[in-house]
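Please read the following account alongside the sequence and the three-dimensional view. It proceeds from a sheet to the spaces in the fold and then to individual residues.

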Amino acid sequence: MDLEMKTFRAQSADPAENPDVVRWWRAVNQGFHGERLSDDRLARMVEGSYDDDLLLRGVYDREIPEPGNPNRPVATFCSADGSLNVGGRTLLPARLITDVTVRPTHRRRGLLRTMMSAELAEARDAGLPVAALTVTEGSIYRRFGFGPATFETGVTVQTNMRFGLQVPPAGGNVVLVDAARVQEYAADIFAVFHQRVPGSVSRFSTVPTHVSGVWDFGLGKENRRTRGAIHLSADRRPDGYVTWEADRQADQFGKITITDLVATTAQGYLELWDFLGHIDLIEEVHWRQAPVEDPLRFALNDPNLYQVTDYRANVWLRLLDVAAVLQARPWVGRGTVVIDVSDSLDLVPGRYLVEVADGSARVTRTDQPADVALDAAALASISLGAVRPSTLQKAGLINELRSGGTDNLDQLVAAPAPVWGITHF
């Protein structure tokens, strides 16, 4: 078997000028069991690749016999540079990884490990402190040092006659708009959200087009079912939006499924929900990306109208520079802890002294005895504060080497604000 790995980028937005990119996207689409790509959909994908400067990585089997195509990759891997909010309004550069596939005929041959190892080493050497991805299969990526670091819930909110908020919304205004208008505001509103919310990951340029229904990448065409509304602050500035689809039969109450909801203030968040809760002929609203700590649950007159239907990890992180990530995030209290990190890819192994004071930390290599030992994936999970070290200790993923070491780390690493990311990629 003659396998070759190569990387490339779209040189323009024109599919005719990017045959390798077209074949790469066809392989990705096949890997995720999508229907055959139309010319319009391929054009959108090539345009997005160019606009976001995606680095496309493919593995090719040059010995594939006819009628197979040796110029279509048997494995795919995509990355781009973005940012991660680690708290305290600090955005860290991050390598975002997506569209990972391996053809069934070429599995168990180390192709994913080859691509991932090359990507992470290149990102570290380029000075990127962290890599991030979201997953379809959660059992795959821990072996590469990724750990789940942000979480989200699926919720159903009953919007019958009992729906209402304890404190009536005041000050802002929700404006119903053609969903296409949301595209004009989505990127700017999300940029403010991203700057304010720990755990947020930057978005690709195609997201506003998708969530507004102008071009639904899942459908491969305009989504005419998408509806939208924009929240205006007291001074009439757009500072939030929601898009959704309604499902209703004649003479029946229906349901709404939220496509995207972004609010830059707590008031705007609740006012968007108050708007959704009072849409006529609707009896329930579904959302798959609600925060784990959701103020809506407590704002409702009847909290039993709020039901959690799902809980899942969203963003998985992989630390490439331990000191850079831990020093960038806010800390709590005062104290020191020594952590011993093992790393199967040999990117960040070693012992680190974390000295916390005045809301920040100084992280240095050390030979001091360690208080706790953990692998790179466990370190990634606790790095933003959404996961308690003591929880991972009980799961067998952190080894306490000094009595009280885990409790001490619990107190120091706790997140000062809720950690939540709404980006999927």
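The paragraphs below describe selected features of this model, which is predicted.

The description begins with an open sheet of seven strands, arranged in the order 8-9-10-11-12-7-13 with mixed pairing. Strand 8 (173-177) and strand 13 (306-313) occupy the edges; each has a single partner strand, so one side of each is left without a neighbour in the sheet. On average, neighbouring strands of this sheet are turned by 25° against each other, direction ignored. Within the sheet, strand 9 (residues 227-232) pairs with strand 10 (residues 238-247) in the antiparallel sense, over six bridges. In this pairing, Ala229 stands opposite Val242 of strand 10.

Two helices may be considered together with these strands. Helix 6 packs on the sheet and touches strand 7 (151-158), strand 8, strand 9, strand 10, strand 11 and strand 12 (282-290), while its direction makes about 165° with that of strand 11. Helix 4 lies across strand 8, strand 9, strand 10 and strand 11 (254-263), and runs at about 130° to strand 10.

Both helices return in the description of a pocket. The second largest pocket holds about 470 Å³ of space. Its lining comprises 25 residues, of which Phe193, Arg196, Val197, Pro418 and Trp420 are the closest to its centre. Helix 4 (179-196) and helix 6 (266-277) are the elements that give two or more residues to this lining. By residue type, the lining of the second largest pocket divides into 17 nonpolar, four polar and four charged residues.

Enclosed space is the next topic. The model has one cavity of 30 Å³ or more, and the volume of the largest cavity is about 50 Å³. The residues that line the largest cavity are Leu326, Trp331, Ile339, Val354, Leu379, Ile382, Ser383, Leu409 and Val413. Helix 9 (376-382) and helix 11 (405-413) are the elements that give two or more residues to the lining of the largest cavity. Eight of the lining residues are nonpolar, one is polar and none is charged.

Where does helix 11 stand with respect to the surface, mostly covered or mostly open? Helix 11 is mostly covered, with seven of its nine residues buried. These buried residues are Gly405, Thr406, Asn408, Leu409, Asp410, Leu412 and Val413. Their cover includes strand 15 (335-342), strand 16, strand 18 (372-375), helix 9, helix 10 (389-394) and strand 19 (398-400).

Strand 16 (residues 350-357) also contains Glu355. Glu355 is partly exposed, because its relative accessible area is 29% and this class lies between the limits of 20% and 50%. Leaving aside residues up to four places away in sequence, Glu355 touches Gly335, Thr336, Ser360, Ala361 and Arg362. Asp358 is found in the loop between strand 16 and strand 17 (360-365). At 71% relative accessibility, Asp358 counts as exposed.

The account closes with backbone geometry. Most residues other than glycine have a negative phi, and most peptide bonds are trans. Asp358, although not a glycine, has a positive phi of about 55°. Asp99 is likewise not a glycine and has a positive phi of about 55°. Asp99 lies in strand 4 (residues 91-102) and is buried, with a relative accessible area of 18%. A cis peptide bond joins Glu66 and Pro67, with omega about 5°. Pro67 lies in the loop between strand 2 (55-61) and strand 3 (75-85).

Key. Residues numbered from 1 in each chain as written. Predicted model: local features only at pLDDT ≥ 70, side-chain atom pairs only at ≥ 80, totals over all residues. Heavy atoms only, no water. 1 Å grid on protein atoms, 1.4 Å probe; cavity = no way out; pocket = protein on both sides within 12 Å on 5 of 7 lines; lining within 4 Å. Points joined across faces, edges and corners; volume = space filled by probe spheres on them. Helix = DSSP H or I, 4+ residues; strand = E, 2+ residues; numbered from the N terminus. Nonpolar A, V, L, I, M, F, W, Y, C, P; charged D, E, K, R; others polar. Buried < 20%, exposed > 50% of the residue type's maximum accessible area, 1.4 Å probe, protein only. Contact = heavy atoms within 4.5 Å. Pairing = 2+ DSSP bridges. Axes fitted to C-alpha atoms, helices over the stretch in contact; angles between N-to-C directions.
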